[in-house]
Amino acid sequence: MSGPQIARRALMGTALAAPFIRPVAAQGSDPYVIGTLFPMSGPNGEYGTLFTNGAALAIEHAAQDRMLRRPMRIQAEDTQALPQQGVIGMTKLVNVDKAHYVLVGFTAVSKAVAPVGDRAKTIMVNGGAVGPDLAGLSPYFWNVIPLAHLETQAFLPFLMRRNLKRIALVYVDDPLGDAILGLLRTELPKTGGELAGTFSVPRTAQQFGPVAARVRQVRADAVYVASFGAQQAQIIKGLRDNGIRQPIVGYSALSIASVTALPEAEGVIFTSQKFDYTGGSEITRRFATDFKAKYGSEPGAYNANYYNAVRLFALLAKELEAQNTEVNGDSLRATLLRVREFDLVGGKGRFDDQGNMSAEIQVNEIRGGRVVPIT
Amino acid sequence: MLFLQLLLQGIQTGALYALTAAGFALIFGATRIFHFAHGTSFTLAGYVFLFCWNGGLPGWFGTLAGIAVAMLFGLAMERLVYRPIQRHEGSFFTVFVAAFGVAVVVQNLVGMVAGRGFASVDTRLSLATEVLPDVFLAPIFWIAIAVAVVLFAALSAFLTRTHAGVALRALAQNPDLLRAYGLSSNRLSMLAFAVGSAMAAPAAILTAMTTGLNEAIGHHVMLISMAATIVGGVGSLRGAALAGLMLGVAESVALQFVDTQWAEAVSFLVLFAFIIFRPSGFFGVAQTR
């Protein structure tokens with residue numbers, strides 16, 4: 001092989017590789033990749049929009065405040081709220097997109113993706129799922145939402161005070177539903193209540209008239225709905241249309257628009273995190289004002305949670321940038337455990353050793369299509 | 001009384017399943033096209049009615065608009081998707097993938113336009129009252145039964161007493177002979193899609209009032225339609241209708257005997273039983289090889 005031939009090939013190779021060769025300075029200004037594993041389609045797609053809106057606003061605010069030297073960008077993967085889709089998405093986020101931080105939601109999806117993130121040492125933050133076993137899932141898995149056991153602890157005494165002691169549970173047949181079933185089985189008797197009946201429904205179930213007929217048989221004082229997405233609205237409509245007149249109660253997943261706007265949901269009582277958007281901290285007020293301006297609606301707990309999740313990343317990364325330390329799963333975790341307390345929407349967010357944020361719980365009622373705090 | 005309650009609810013659900021399944025069976029029986037996007041006709045019809053209702057338009061207008069959109073969608077699928085595919089190779093798999101792709105695209109479009117989440121028609125027709133001790137019935141029960149009976153009677157009359165209907169049945173049995181008699185199989189195929197898709201619209205409207213809609217509801221509708229078509233006997237319209245009714249009743253009445261989480265599984269147990277013990281279905285013709 002002659003010399004000029006080699007030179008020509010080397011030149012051609014260099015020319016072809018040129019677009020992929022980046023100077024070190026350019027790599028340093030690459031955006032931080034915030035992966036999202038949300039359902040963006042299917043019957044739970046409504047949550048994906050809610051979650052993403054909160055995260056996107058936090059990125060805007062961080063950019064406005066010049067919190068970080070590098071910008072942040074969202075890399076979305078659609079899970080359809082299915083564990084297998086979640087694992088596929090998570091694998092892509094850590095291996096292909098090199099995500100620095102991944103936002104997750106839904107108990108089953110969170111449990112499925114946690115081992116992938118754990119192996120890759122990528123921080124995963126949940127702001128939407130409440131299965132109690134999400135606490136301590138991995139050192140790299142954090143929760144910025146109070147889990148179901150905290151909601152239940154606050155809710156059961158309230159139900160007893162209202163003399164709603166015999167509870168019928170309609171729950172989705174997945175890890176979230178099973179977790180709520182387990183909680184009510186153990187916690188209700190302790191507060192003087194009892195489980196009058198339990199009715200498991202598949203995730204794909206659409207018909208709830210026959211379920212309502214079975215629920216009527218147990219003569220409960222209240223019906224607890226433990227599902228999510230479009231299905232919980234279908235359950236409520238199915239129960240109300242088919243003769244269930246007792247109060248319907250539930251947990252924070254009921255705070256979505258398709259439930260609150262449902263005429264049959266009038267009077268539904270549920271728990272959620274406590275947020276004071278008018279009298280709270282400056283960060284809280286700014287979030288509420290800008291959210292309404294950007295999306296034309298009042299923010300909800302899910303919007304705030306994912307705003308907090310991204311703001312938490314910005315605060316941690318800011319600390320690390322100031323120390324000239326690489327931003328990765330280990331350094332983020334070490335900083336979280338060192339600082340522990342952060343200024344977030346809703347007030348000070350305090351994290352325990354497992355990365356779970358504590359928050360106050362309030363009881364809400366749906367009145368005239370709005371969520372009204374009643375405690 | 002629980003059994004009676006479950007039976008009545010099963011009949012209501014089954015009537016809606018029957019309407020949807022009959023539409024799918026009519027299309028599949030006449031054209032042998034596995035129209036997976038039939039569930040999408042259902043979804044579109046339901047949402048169009050919902051938009052009209054929420055926009056304050058009269059119910060009859062919403063119903064006609066829903067039927068028109070379902071028919072147009074069915075016709076568009078036939079002309080723009082299935083016919084070009086069949087002109088080239090037309091394998092079952094290609095048709096299925098094309099229909100599935102369209103269904104996913106429309107599902108996402110519906111989600112973008114109508115919002116991703118639950119939507120229902122707010123009407124007192126779905127509100128049940130106690131008619132017997134512990135037996136609740138809503139006015140929509142009678143409407144569902146009446147609509148199903150009237151539409152099946154009309155469809156039967158159309159298929160047996162009109163030239164177009166008889167030609168549709170002939171298309172199902174021997175398309176070559178039909179062409180030999182100078183009839184256009186393309187036109188008849190379009191007719192099958194128009195009528196079959198229109199059958200899904202009343203079921204979609206009643207579903208919007210009872211269980212509500214979401215953009216992904218078409219997949220569930222297709223599962224039921226496929227199961228009913230197999231149980232009823234492939235190509236048999238009355239078989240599909242009867243099987244749809246039976247699946248609805250089985251799904252509901254099963255709750256008398258099993259836990260609530262098994263309700264949907266019962267439908268598919270019925271399907272498996274038919275596949276194993278009577279693969280030709282209720283009214284299908286058994287074939288030997």
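1. Start with the domains of chain A. In this predicted model, the domain assignment splits chain A into domain 1 (27-145 + 281-359) and domain 2 (149-275 + 363-373). Each domain is therefore listed as two sequence segments, if you are setting up selections. The C-alpha centres of domain 1 and domain 2 of chain A are 28 Å apart.

2. Next, the contact between those domains. It takes 21 residues from domain 1 of chain A and 20 residues from domain 2 of chain A. On the domain 1 side, α3 (45-64), α5 (107-120) and α12 (301-322) of chain A each put in at least two residues. By class, that side of domain 1 has twelve nonpolar, six polar and three charged residues.

3. Now for the chain A and chain B interface. Here 34 residues of chain A touch 32 residues of chain B. On the chain A side, α3, β7 (194-201), α8 (209-217), α9 (230-241) and α10 (257-260) each supply at least two residues. Which element gives the most? That is α8(A), with seven residues. The class split for the chain A side is 13 nonpolar, 15 polar and six charged. Note that α3 of chain A is listed for the side of domain 1 that touches domain 2, and α3 is also listed for the side of chain A that touches chain B.

4. One sheet of chain A is open and five-stranded, in the order β2-β1-β3-β4-β5, with parallel pairing. β2 (72-78) and β5 (141-143) of chain A are the edge strands; each has a single partner, so one side of each has no neighbour in the sheet. Neighbouring strands are turned by 25 degrees against each other on average, ignoring direction. Within this sheet, β1 (residues 32-38) of chain A pairs with β2(A) in the parallel sense over seven bridges. As a handle on the register, A:T36 has A:A76 in β2(A) as its bridge partner.

5. The other sheet is also open, but has seven strands in the order β7-β6-β8-β9-β10-β14-β15 (chain A) and mixed pairing. Its edges are β7 and β15 (370-373) of chain A, each with one partner strand, so one side of each is left without a neighbour in the sheet. The twist averages 30 degrees from one strand to the next. Helix α6 (residues 148-161) of chain A lies across β8, β9, β10 (269-273) and β14 (361-367) of chain A, at about 65 degrees to β14(A).

6. Where does the mixed pairing show up? β8 (residues 222-226) and β9 (residues 248-250) of chain A are parallel, with three bridges, and A:V223 sits opposite A:I248 in β9(A). By contrast, β10(A) and β14(A) run antiparallel, joined by five bridges, with A:Q273 partnered by A:I361 in β14(A). β14(A) and β15(A) are antiparallel too, over four bridges, and A:N364 stands opposite A:P373 in β15(A). The hairpin of β14(A) and β15(A) has two residues between the strands, and A:G368 takes a positive phi near 60 degrees there.

7. Last, the packing. The largest nonpolar core has 216 residues, and those with the most contacts inside it are A:V170, A:V223, B:A21 and B:A45. At least three of its residues come from each of domain 1 and domain 2 of chain A. Leaving aside residues up to four places away in sequence, A:V170 touches A:F199, A:V201, A:V211, A:V215, A:V223, A:V225 and A:I235. In soluble globular proteins, nonpolar side chains tend to be buried together.

Terms used: Residues numbered from 1 in each chain as written. Chains lettered and ligands numbered in written order. Predicted model: local features only at pLDDT ≥ 70, side-chain atom pairs only at ≥ 80, totals over all residues. Contact = placed C-beta atoms within 7 Å. Nonpolar A, V, L, I, M, F, W, Y, C, P; charged D, E, K, R; others polar. Pairing = 2+ DSSP bridges. Axes fitted to C-alpha atoms, helices over the stretch in contact; angles between N-to-C directions. Core = buried A, V, L, I, M, F, W, Y, C linked by C-beta atoms within 7 Å. Buried ≥ 20, exposed ≤ 12 C-beta atoms within 10 Å, placed from the backbone.
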